Amino acid sequence: MSRRRTPESLAQEALVVLAAGLAVLTVAAIVLYRPGAPAWTHIVVNGVGWALVVTTGAMLLRAGIEKLVELGRRHQSG
């Protein structure tokens, strides 16, 4: 039996993913962005950056929607 996570914990998890992803992306960019580097290195770093933005955005959107649903239910019952 799994316990539902609160919207706040979902948002906190999204921020942790964002922080960790930015750290990894920064290190990858430092290592891969060199003068004369092949174009694929830039494509990889840019692609990973966009994936990070989309993923954390979706996680925060889900947390926000769940919080709104929670508030709506609380308003209807109270």
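Which side chain meets K67 in a salt bridge? It's E8, and the N to O distance comes out at 2.7 Å. The close-ups below start with that pair and then work through the rest of this predicted model.

**View 1. K67 and E8 meet in a salt bridge.** K67 sits in helix α2 and E8 in helix α1, so this pair ties together parts that are 59 residues apart in sequence. Neither end is fully out in the open: K67 is partly exposed, at 26% relative accessible area, and E8 is partly exposed too, at 44%.

**View 2. R62 and E66 pair up within helix α2.** The two residues form a salt bridge whose closest N and O atoms are 3.1 Å apart. They are 4 residues apart in the chain, about one turn of the helix. Their surroundings make for a nice contrast: R62 counts as partly exposed at 45% relative accessibility, whereas E66 has a relative accessible area of 18% and is buried. Elsewhere, salt bridges that share partners link E8, K67, E70 and R74 into one network, so the pair from View 1 belongs to that network, given that K67 and E8 are tied across the two helices.

**View 3. E66 is a buried residue of helix α2 with several partners from far along the chain.** Here's the closer look at E66 itself. With 18% relative accessible area, E66 falls below the 20% cut-off and therefore counts as buried. Setting aside neighbours within four places in sequence, E66 touches R4, R5, P7 and L10. Two of those contacts, P7 and L10, are listed among the buried residues of α1.

**View 4. E13 and R5 make another salt bridge.** The N to O distance here is 2.4 Å. What about exposure: are the two residues buried or partly exposed? Both are partly exposed, E13 with a relative accessible area of 33% and R5 at 40% relative accessibility. R5 also turned up in View 3, as one of the contacts of E66. For the overall tally, the structure holds 5 salt bridges. As a general reminder, side chains of opposite charge can pair when their charged atoms come close.

**View 5. The buried residues of helix α1 pack against α2.** Which residues of α1 are buried? They are P7, L10, A14, G21, L25 and A29. The helix they pack against, α2, covers residues 39-77. As for the length of α1, its 26 residues (7-32) should span 38 Å at 1.5 Å a residue, and the end C-alpha atoms are 36 Å apart, which agrees.

**View 6. T56 is a buried threonine in helix α2.** Its relative accessibility is just 6%, so T56 counts as buried. What does the T56 side chain find for a polar partner? One of its polar atoms lies 2.8 Å from the backbone oxygen of L52. Beyond the neighbours within four places in sequence, T56 is in contact with A14, V17 and L18. A14 is one of the buried residues of α1, and those residues pack against α2.

**View 7. G64 is a glycine in helix α2.** Compared with the buried T56 of View 6, G64 is a partly exposed residue, with 31% relative accessibility. Where does G64 stand relative to A51? The two are 13 residues apart along the chain, and their C-alpha atoms are separated by 20 Å.

**View 8. I30 takes part in a nonpolar surface patch.** The patch is made by V27, I30 and V31 and covers about 280 Å². I30 has its place in helix α1. Is I30 buried or exposed? At 53% relative accessible area, I30 is over the 50% cut-off and so counts as exposed. That sets I30 apart from A29, which is among the buried residues of α1. Looking back along the chain, L18 is 12 residues from I30, and the C-alpha atoms of the two are separated by 18 Å. L18 was met in View 6 as one of the contacts of T56.

Technical notes:
Residues numbered from 1 in each chain as written. Predicted model: local features only at pLDDT ≥ 70, side-chain atom pairs only at ≥ 80, totals over all residues. Heavy atoms only, no water. Expected span 1.5 Å × (residues − 1). Buried < 20%, exposed > 50% of the residue type's maximum accessible area, 1.4 Å probe, protein only. Contact = heavy atoms within 4.5 Å. Patch = residues over 30% accessible without salt bridge, like charges linked within 9 Å, V, L, I, M, F, W, Y side chains within 5 Å. Areas by Shrake-Rupley, 256 points an atom, 1.4 Å probe, with all protein chains shown as cover. Salt bridge = Lys/Arg side-chain N within 4 Å of Asp/Glu carboxyl O. Polar contact = N/O pair within 3.5 Å; in protein donor to acceptor, adjacent residues only side chain to side chain.
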